[in-house]
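Here is a short report on one protein model. It covers a sheet, a glutamine and two pockets.

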Amino acid sequence: MVITNIANSKDIKIEDGIITEIGDNLVDNEIYDAQNCKIYPAIIDLNVKNSESISKLNQKALKGGVGTILMMPQHKPIYNKLQLAYNLTKEKDIDLFVAIEAIHEGKLTDIHILKDKGASALFLNSDEDMNLIKRVFQYGEMLQIPIFINANNKALLGNGQMNASDKAYSLGLEGIENYVESIEVAKILELSKYFNVKIVFQSISTKESLELLKNRDRNKIFVDVCIDNLLYTDEMIGEFNTLFKTFPPLRSEEDKDALIQAVKNQDIDFISSNHIAISDENKDVAFEVAEFGIPKLDKFASLVYSLDVNDEILTNMVSKGPAKFLNLNEGEIAVGKKAKFMLVSIDQNQENQNEELFTVKKMFIF
């Protein structure tokens, strides 16, 4: 197959699912005309919660330009062989990798067995028993399996509903302080110095955490930021708008600006969706009882590329970087790479002429 007339690339030839040639006027028996479309590598999303069926995740991922997901077990714990096998064997178009809980109900899971059965990563809450966390790090080093850290102290979190701010005070809601995250980042960062294992600090949301992570060993310590915290602040909650109740919470303008600047400076490694499927009935309730989470997998590509950041930097953080991290032969459009990419149209918003609409027209996954 040859894809022609791509707005931001030369013609691309694909054979047996691999890009074999990029050039002008390539010929083949099968031609796909990509006129008026741009091409971007398919996104690799390293933070999708297993809150819905694999078939629904598959449909939403394709719509959102995502060709590969790493499924996190926070919503529905994945800690045994049956749960792992069920997810890995479900029919799907996208590539699915699964992280398992390293500690479940105060005990280590069968990490070695689950890794052999197909687990690609470990998931760990930072406020578990420190001796157990140390043992997880030992397993991670021994098995060379990465560990994704949710840096969050539940005791300090209390009944927090949103970012601790004047906004929370005005609404009479208990706030979530920045130090709920940064204290845990400092602790895990210090412990990680003693182990040769890859650590991903997941969904970092505060300027204090960024400062702590600035001089990290970038060969083994990685920073993930979810798209929510790059686009929105706690002001979006308005008068108890549950659609913007999420975790980590939407932070201050100062925090958001710090995160955006870190992206521009390439001090961030990955941008992920932090997708959690929440039904309307679980959002159309009082703010205090509404579930945390913003579903966004089906529009992830358009959200990412709406950021006021160079496209090459963004592609590194959602495609090329995650591919390198997972040792995948994809993530960029180059000869020898797997042909996994999206064709998109970028149109002018009729209501706002200064805004461009980024729409995924077709996904190619071979």
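A residue counts as buried when its relative accessible area is under 20%. Glutamine 202 has a relative accessible area of 5%, so this residue is buried. The model is a predicted one, and the values below are computed from it.

**Glutamine 202 and its neighbours**

Glutamine 202 sits in a loop. That loop runs between β14 (199-201) and α8 (207-213). Leaving aside residues up to four places away in sequence, Glutamine 202 touches Leu46, Asn47, Met72, Gln74, Phe123, Phe148, Ile149 and Asp224. One of these contacts, Ile149, stands opposite phenylalanine 201 in β14. Another contact, Gln74, comes up again in the largest pocket: Gln74 is among the residues closest to the centre of that pocket.

**The sheet**

Eight strands form an open sheet with parallel pairing. Their order is β5-β6-β7-β10-β11-β14-β15-β16. β5 and β16 (270-272) are the edge strands, and each pairs on one side only. From one strand to the next, the twist averages 30°. Inside the sheet, β11 (residues 147-150) and β14 run parallel and are joined by three bridges. Helix α4 (residues 130-143) lies across β10 (121-125), β11 and β14. The helix runs at about 165° to β10.

**The two pockets**

The table sets out the volume and the lining classes.

| Pocket | Volume | Nonpolar | Polar | Charged |
|---|---|---|---|---|
| Largest | about 560 Å³ | eight residues | 12 residues | five residues |
| Second largest | about 460 Å³ | seven residues | four residues | eight residues |

Start with the largest pocket, which has a volume of about 560 Å³. It is lined by 25 residues. Gln74, Asn125, Asn150, Asn152 and Phe247 are the closest to its centre. The elements that give two or more residues to this lining are β5 (43-49), α5 (154-157) and α7 (179-192). β5 is also an edge strand of the sheet.

Now the second largest pocket, with a volume of about 460 Å³. Here 19 residues make up the lining, and Phe222, Asp269, Phe270, Gly321 and Lys324 are the closest to the centre. Which helix gives the most to the lining of the second largest pocket? Helix α12 (residues 311-325) does, with seven residues.

How values were computed: Residues numbered from 1 in each chain as written. Predicted model: local features only at pLDDT ≥ 70, side-chain atom pairs only at ≥ 80, totals over all residues. Heavy atoms only, no water. Helix = DSSP H or I, 4+ residues; strand = E, 2+ residues; numbered from the N terminus. Buried < 20%, exposed > 50% of the residue type's maximum accessible area, 1.4 Å probe, protein only. Contact = heavy atoms within 4.5 Å. 1 Å grid on protein atoms, 1.4 Å probe; cavity = no way out; pocket = protein on both sides within 12 Å on 5 of 7 lines; lining within 4 Å. Points joined across faces, edges and corners; volume = space filled by probe spheres on them. Nonpolar A, V, L, I, M, F, W, Y, C, P; charged D, E, K, R; others polar. Pairing = 2+ DSSP bridges. Axes fitted to C-alpha atoms, helices over the stretch in contact; angles between N-to-C directions.
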